[in-house]
Every structure is written in C-alpha cells, then in structure tokens.
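Biologist: Could you walk me through this protein, one small question at a time? I'm new to this, so keep it simple.

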Amino acid sequence: MQHKPAIWWIRRDLRLADNPNLMRAIQRGRPVIPVYVLDEREEALGAAASLRLMLGLKTLAKTLESKGSYLIFRRGDALTHLRAVAQHSGADTVCAARAFDPADIQRDTRVTDGLRGDGMQMDWGPGNLLFDPLGVQTGAGQYYRVYTPYWRAVRGLEVPDPVAAPGKIASPDGRAPSDSIDAWHMDAAMNRGTAILTQHCVVGEESALDRLHHFTEEKIAAYAADRDFPAVDATSGLSENLAWGEISPIRLWHAGQRAMAQGRPGAETFLKEVVWREFAYHLAANTPQIMTGNWRDKWDSFPWSTEEDEQVLAWKQGRTGVDLVDAAMRELYVTGRMHNRLRMLTASFLTKHMMKHWKIGLDWFADCLIDWDPASNAMGWQWVAGSGPDAAPFFRIFSPFRQQERFDPKSAYVAHWLAEGQRTPSAQALAFFEACPRSWDMRADDLRPLPILDLKAARQRALDAYSQNSQ
Ligand SMILES: Cc1cc2nc3c(=O)[nH]c(=O)nc-3n(C[C@H](O)[C@H](O)[C@H](O)COP(=O)(O)OP(=O)(O)OC[C@H]3O[C@@H](n4cnc5c(N)ncnc54)[C@H](O)[C@@H]3O)c2cc1C
C-alpha cells in the first residue's frame with residue numbers, strides 16, 4: 001500500500017541536496033508533492049529578489065522533473081492552497097523550513113493552526129542555517145549580542161555531513177492543479193532591467209556547487225588578503241545562492257574546514273564570514289525588532305531624516321558626485337549585488353554624511369539585491385548606522401576618498417562602473433543606462449555631477465549628532 005503523500009512546502013530552500021525538509025517528506029518511502037505558494041509575503045519581495053526567485057523556481061522545477069517529480073505552483077493564501085493540494089492528493093503531512101522573520105512567523109503560525117485543525121501534521125524543520133539561532137546561548141542562558149564571543153561559541157560545534165540529493169522522488173497518482181509560473185510575471189517590476197540583471201544571476205543548485213568548488217580551488221587561499229578590494233573577484237559570490245537556499249551552509253562549512261586542514265590561509269576568514277550570516281539570524285530570532293526598528297531604543301529620537309528627497313534620489317541613482325559611492329550604486333542596479341566593503345561605505349554615506357534614516361537604504365537594498373536576505377540586510381544596516389548590537393563605533397564614518405585610496409587605488413572599480421567622462425566605457429557601465437528607469441533621464445555622455453554635499457562639513461554634522469546621542 002502506498003503511504004499517504006507528504007507536501008514539501010518550498011520556501012527559501014530551492015535545493016534537493018542537504019535538504020532536511022525534503023528528506024523528512026521522503027522518509028518511509030512516501031510520495032512527495034513539492035509545492036510553492038506565491039502568497040502575500042512573497043508578493044512583497046523587491047523587484048530584483050522577485051526576478052531572482054522566479055529564476056530559481058524555474059530551475060528547481062526542471063531539476064525535480066529530472067528526478068521523476070514536478071513542482072506545483074499556486075498563488076494566494078498559503079493555508080488555502082496547502083489545504084487544497086492536501087485534499088486533492090490525500091496528503092496528511094506538510095514539511096517545511098522554519099522561518100525567523102516575524103511576519104513569516106505570523107503567517108506560519110496561522111498555517112500550522114489551520115492544518116493541525118484539519119487533522120494534518122505540520123512538520124517544521126531546520127531552515128538554511130548551520131546552528132539553531134535560538135539554541136546557541138551564553139553561559140548565563142542569554143543570546144549573544146556581540147559577534148566574536150558568538151563565533152567562539154559556535155566554531156567548535158558539530159555540523160552534520162552533507163547529504164546527497166535523492167536519486168528519484170516518488171510522485172503520487174494524479175497531479176494537483178498548478179498555475180504556470182510564467183503567468184505570474186514575477187519580473188514585472190524590473191521593467192526593462194530584466195534582461196540585464198538576469199545575465200548576472202548564477203542560478204540553481206548545480207551552479208552553486210560549481211561556484212563553491214571554484215572558490216575553494218582557486219580563490220580561498222587569497223581570500224583574506226584580497227576580499228576587501230572591489231575590483232578583484234576574490235569572494236565566493238555565494239550569498240545569492242545561500243539567500244534562496246540553493247546551497248546549504250553545511251557545504252560551505254565543510255569546504256572551509258577542509259581548506260583549513262590543508263593549511264590554506266583564507267579558510268578561517270571565510271568560515272568567520274559564513275558565521276556572520278548565522279549571527280544575523282541569531283539576532284533576528286532573539287530580537288525580531290532588529291528587522292523593522294532601531295535595535296537600541298535610544299536611536300528612536302536620533303535626527304535622521306526620513307524624507308525621500310533629491311539627495312536620496314541621487315544616492316539611488318549613483319549621482320551623488322562621489323565616485324566610489326556612485327560606482328557601487330551602479331553595480332547594485334546592474335548586477336543586483338554590491339561588494340561588502342561598498343555596502344558598508346554606501347550605507348555609511350547615507351546614514352552619516354547624508355543623515356538619512358537607515359530604513360531608506362534597507363528598503364532600497366531589498367528592492368535591488370538578488371542576494372537579499374532579511375536578517376543580513378537588517379544587521380548590516382544597523383551595524384553601519386550605529387543603532388544595532390555590536391555596531392560600528394559612532395566616530396567610524398567611512399571616508400569615500402580614503403576608502404578609494406586604500407581599496408581601489410588605481411580606480412579600476414570606479415572606471416569600470418562610471419561611464420561619464422570616459423572615451424570607452426565598459427559594457428557594464430553602459431548597461432546601467434539601459435537598465436535604469438527612463439524617468440531618471442540619465443545618459444552616458446552626461447557630465448559627472450559635483451558632490452551633493454560638502455563632505456567635511458557633512459562628516460562634522462554627523463559626528464556632532466552621533467556624539468550627542470552617545471552620551
Ligand atoms: C548594509 C549591508 C547590507 C547587507 N545586505 C545583505 C543581504 O541582503 N544579503 C546578504 O547575503 N548579505 C548582506 N550583507 C552582507 C555582505 O555584504 C554579503 O553577504 C557579501 O557581500 C556577499 O558576498 P559573497 O557571497 O561573495 O561573500 P563572501 O565574502 O564569499 O562570504 C561568504 C558568505 O558569508 C556570508 N557573509 C559575508 N559577509 C557577511 C556579512 N557582513 N554579514 C552577513 N553575512 C555575511 C554571506 O552569506 C556570504 O555569501 C550586507 C552587508 C551590509 C553592510
């Protein structure tokens with residue numbers, strides 16, 4: 001007799017290998033129904049994230065077909081659609097990865113209550129993390145507020161071995177009705193930027209594993225030395241795949257540990273970076289307010305402006321007149337990514353030089369990033385702005401000129417991204433003008449603008465405000 005099918009409710013875990021939620025659905029030889037629901041939470045994704053998710057889902061659907069399975073696409077209320085698929089198929093269990101975003105938790109609680117009320121089993125499993133974000137605690141039973149002791153606490157913990165993807169996935173008889181993902185137009189908000197951004201996406205589980213392999217073979221040894229130079233392709237690029245669960249951090253962990261055992265110098269630094277992502281989820285799970293408001297209350301009265309004025313527009317458009325900031329904002333718009341050092345610099349410029357609220361930047365990154373990750377984005381912004389735990393000291397105001405001198409000394413990065421004033425701009429610098437909204441009215445032969453503010457005076461204004469708030 002065939003066991004009742006189990007639904008694998010796909011969320012940010014678009015992979016078959018190292019997927020404990022899929023594995024639990026498969027256990028005891030159950031047929032599995034992979035289901036993705038585009039509900040109100042997913043509809044709220046930013047433009048680039050939504051496009052990237054669409055690409056990831058299409059690739060996953062193909063992979064599932066190669067395993068004898070198929071993906072059911074539904075749009076609307078998650079509970080309603082999971083119920084409908086269960087009724088159609090006779091499924092008695094839903095397996096899914098636990099989320100840590102407060103709004104997701106609210107939705108998930110409602111789904112759990114509804115399905116359990118129907119007599120079904122709702123089986124939540126680990127998400128896309130190495131360590132349970134609520135399980136790691138200080139000796140006093142508290143969560144960690146500071147990264148370094150958190151790193152010390154987790155670096156020796158056991159991490160399970162990677163698990164291969166199943167060879168075949170059994171499907172039940174009779175397919176539940178599915179939408180066509182193409183009809184959802186998940187790339188609609190990208191407008192004319194879709195084709196350009198798509199070229200920069202490295203999609204799917206197989207590509208993610210290749211990326212990791214390439215990184216550990218070719219780049220990890222120089223990672224610690226080169227990772228701060230945006231013109232050098234020195235980092236793994238895996239945030240895009242981690243964000244959508246196309247690779248499990250377990251793979252990164254073991255690859256990093258192997259490299260460390262082989263004595264490769266950058267390996268420990270890489271593991272530490274992977275643990276920054278864990279720390280972001282540790283903070284999000286223990287202090288969910290970090291996602292939406294100042295982690296420290298005393299920042300609630302800080303005089304950040306929330307006005308989305310001309311200066312903010314100039315920041316978004318890469319038209320502040322400050323080369324490194326503008327180059328980074330262009331990279332973000334064209335590729336959906338930005339180098340970590342420049343995320344810090346552009347965030348510092350917005351929140352300190354411009355004295356604009358970090359939420360403006362948080363939202364813009366959420367709209368533009370293909371590796372948008374709610375916990376890392378919130379931690380990153382609050383770390384730079386100073387309102388988060390373990391934040392950058394208030395007097396640390398990144399100087400765009402000093403950063404350029406140190407990390408882009410030959411202006412290779414700036415020249416790559418800023419077309420204006422160049423006789424032969426790079427294809428990527430020109431792509432920005434193809435991708436950006438026509439209403440921005442920007443052209444490659446425009447003159448470079450003068451800086452939108454006096455950097456010295458702006459720095460002093462920020463220092464004064466920050467030192468007053470820190471007393
Ligand atoms: C203001 C701001 C916003 C950010 N928003 C995001 C975001 O939305 N999504 C996102 O994935 N990262 C975010 N980061 C963190 C970081 O910039 C990216 O993870 C990194 O640039 C990804 O490139 P990579 O995969 O080549 O990283 P690598 O250098 O190869 O690092 C390996 C992995 O470690 C993790 N990692 C590295 N640095 C950090 C960090 N500072 N914080 C958390 N995890 C880290 C990432 O998962 C990354 O893929 C943000 C940082 C700042 C300052």
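Biologist: What share of the protein's contacts with a separation of 6 or more comes from residues 24 or more positions apart?

Modeller: One thing to know early is that this is a predicted model. Take the contacts with a separation of 6 or more, and then pick out those whose residues are 24 or more positions apart. Their share is 79%.

Biologist: How compact is the protein for its 471 residues?

Modeller: Its secondary structure comes to 20 helices and five strands. The globule rule gives 23 Å for 471 residues, and the radius of gyration is 23 Å, so the protein is as compact as a globular protein of that length.

Biologist: And what does the C-alpha trace span along its principal axes?

Modeller: Before the span, here's one on burial: 46% of the 471 residues count as buried. As for the C-alpha trace, its span along the principal axes is about 75 × 55 × 50 Å.

Biologist: How many residues are in the largest nonpolar core?

Modeller: Nonpolar side chains tend to be buried together in soluble globular proteins. Here, Ile7, Trp8, Val35, Leu82 and Ala284 have the most contacts inside the largest core. Isoleucine 7, leaving aside neighbours within four places in sequence, touches residues including Ile33, Val35, Leu82 and Val94. The core's total is 133 residues.

Biologist: Which domains supply at least three residues each to the shell around the ligand?

Modeller: The protein is divided into domain 1 (1-127), domain 2 (128-160 + 194-286) and domain 3 (297-469). Helices H9, H11, H14 and H16 each give the shell at least two residues. By domain, at least three residues come from each of domain 2 and domain 3.

Biologist: Which residues come nearest to the ligand?

Modeller: There are 27 residues around the ligand. By class, that shell has 13 nonpolar, eight polar and six charged residues. The ones that come nearest are Thr235, Ser236, Ser239, Asn377 and Gly380.

Biologist: How many residues does domain 3 put into its contact with domain 1?

Modeller: The centres of these two domains, taken over C-alpha atoms, are separated by 37 Å. Domain 1 brings seven residues to the contact, and these divide into four nonpolar, one polar and two charged. From domain 3, the number is nine.

Biologist: Which helices do the buried residues of H12 pack against?

Modeller: Helix H12 covers residues 310-317, and its buried residues are Ala314, Trp315 and Lys316. Just after H12 comes glycine 318, with a positive phi of about 65°. The buried residues of H12 pack against H13, H14 and H15.

Biologist: Is methionine 355 buried, partly exposed or exposed?

Modeller: Methionine 355 is in the loop between H14 and H15, and its phi is near 55°, a positive value. Most residues other than glycine have a negative phi. Buried takes 20 or more C-beta neighbours and exposed takes 12 or fewer. Methionine 355 has 18 other C-beta atoms within 10 Å, so it is partly exposed.

Biologist: Is aspartate 441 buried or exposed?

Modeller: Aspartate 441 sits in the loop between H19 and H20, and its phi is also positive, near 55°. It has 9 C-beta neighbours inside 10 Å, so it counts as exposed.

Biologist: What separates the C-alpha atoms of glutamine 460 and lysine 352?

Modeller: Glutamine 460 lies in helix H20, and with 12 other C-beta atoms within 10 Å it is exposed. Along the chain, glutamine 460 and lysine 352 are 108 residues apart. In space, their C-alpha atoms are separated by 9.6 Å.

Conventions
Residues numbered from 1 in each chain as written. Predicted model: local features only at pLDDT ≥ 70, side-chain atom pairs only at ≥ 80, totals over all residues. Near = placed C-beta within 6 Å. Helix = DSSP H or I, 4+ residues; strand = E, 2+ residues; numbered from the N terminus. Nonpolar A, V, L, I, M, F, W, Y, C, P; charged D, E, K, R; others polar. Domains from an automatic or database assignment. Rg over C-alpha atoms; globule rule 2.2 N^0.38 Å. Contact = placed C-beta atoms within 7 Å. Core = buried A, V, L, I, M, F, W, Y, C linked by C-beta atoms within 7 Å.
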